[in-house]
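Reader: I would like a close look at the cysteines of this protein and at the parts around them. Please take it step by step.

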Amino acid sequence: MEHVSFKKILDSEKQLDALLVKLGIPIAKHDRVHVAYNLITMLEEARKDDAKRKSFLETNNKSGEVTLSLSDIQVIYNLIPYLKDQDERIVKGKFKRILNGTLSSQETPQNSIARNTLFELSLFAYLKAACMSSELCDPNPDLLLRNCGRNYYIQCKRVYREKSG
């Protein structure tokens, strides 16, 4: 994946909103993804001034919200170009899931669906960026990878916590 500026990443919000409109998903500026874009917009405004940046991060990154927001919207920035040839029903379902949940690192099994789905989309974007034939699936498997005449069905699993039983 390429190294990109905050501005380019923040500009992807317009592309996201256009995609949501196309999919028939209402744009709510209070959903987790738009809140993430807002946090990174505020970080961009504060980042060139050490005192402002430090104050902003001390106030807004106590549970990792800013760090997770930047990670999440970078995934969206990387993902959007690869969605053109995907089944819109599947894309719509996945985006509905990533718009909900928490930006906090304090995940529970009840609020981790958004981040789990974003992990699936991140792997999909990575495979597409590597010029691999892949497509989104739903509900299972999460991805289909085609390589050398074979189909590989991928069920994504994200590490949820250090100790899982």
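Author: The model is a predicted one, and it holds 0 disulfides. A disulfide is a covalent bond between the sulfur atoms of two cysteines. For a pair to count here, the two sulfur atoms must lie within 2.5 Å.

Take Cys131 to begin with. The closest cysteine sulfur to that of Cys131 belongs to Cys148, and because the distance is 14 Å, a bond is ruled out. Cys131 has a relative accessibility of 73%, so this residue counts as exposed; the cut-off for that word is over 50%.

Cys137 is in no disulfide either. Its nearest cysteine sulfur is that of Cys156, at 9.9 Å. Is Cys137 buried or exposed? With a relative accessible area of 13%, Cys137 is buried, since the limit for that label is under 20%.

Cys148, the partner named for Cys131, sits in a turn. Strand 2 (residues 143-147) and strand 3 (residues 150-154) run antiparallel and are joined by 5 bridges. Together strand 2 and strand 3 make a hairpin, with 2 residues between them. Cys148 is in that turn and has a positive phi of about 50°. Within the pairing, Leu145 stands opposite Tyr152 of strand 3.

Cys156, the partner named for Cys137, leads to a pocket. This is the second largest pocket, with a volume of about 230 Å³. Its lining has 16 residues, and those nearest its centre are Asn116, Glu120, Asp142, Gln155 and Cys156. Helix 5 (88-98) and helix 6 (113-129) are the elements that give two or more residues to this lining. The largest share, 4 residues, comes from helix 6. By type, the lining of the second largest pocket divides into 7 charged, 5 polar and 4 nonpolar residues.

Helix 5 and helix 6 also appear in another part of the model, the largest nonpolar core. In soluble globular proteins, nonpolar side chains tend to be buried together. The largest nonpolar core has 38 residues, and Leu16, Ile76, Leu83, Phe95 and Leu136 touch the most other members. Helix 1 (6-23), helix 2 (32-46), helix 4 (65-79), helix 5 and helix 6 each supply at least two residues of this core. Helix 2 gives the largest share, 7 residues.

To return to the request: there are 0 disulfides, Cys131 is exposed, Cys137 is buried, Cys148 is in the hairpin turn, and Cys156 is among the residues nearest the centre of the second largest pocket.

Terms used
Residues numbered from 1 in each chain as written. Predicted model: local features only at pLDDT ≥ 70, side-chain atom pairs only at ≥ 80, totals over all residues. Heavy atoms only, no water. 1 Å grid on protein atoms, 1.4 Å probe; cavity = no way out; pocket = protein on both sides within 12 Å on 5 of 7 lines; lining within 4 Å. Points joined across faces, edges and corners; volume = space filled by probe spheres on them. Nonpolar A, V, L, I, M, F, W, Y, C, P; charged D, E, K, R; others polar. Buried < 20%, exposed > 50% of the residue type's maximum accessible area, 1.4 Å probe, protein only. Pairing = 2+ DSSP bridges. Core = buried A, V, L, I, M, F, W, Y, C linked by side-chain atoms within 4.5 Å.
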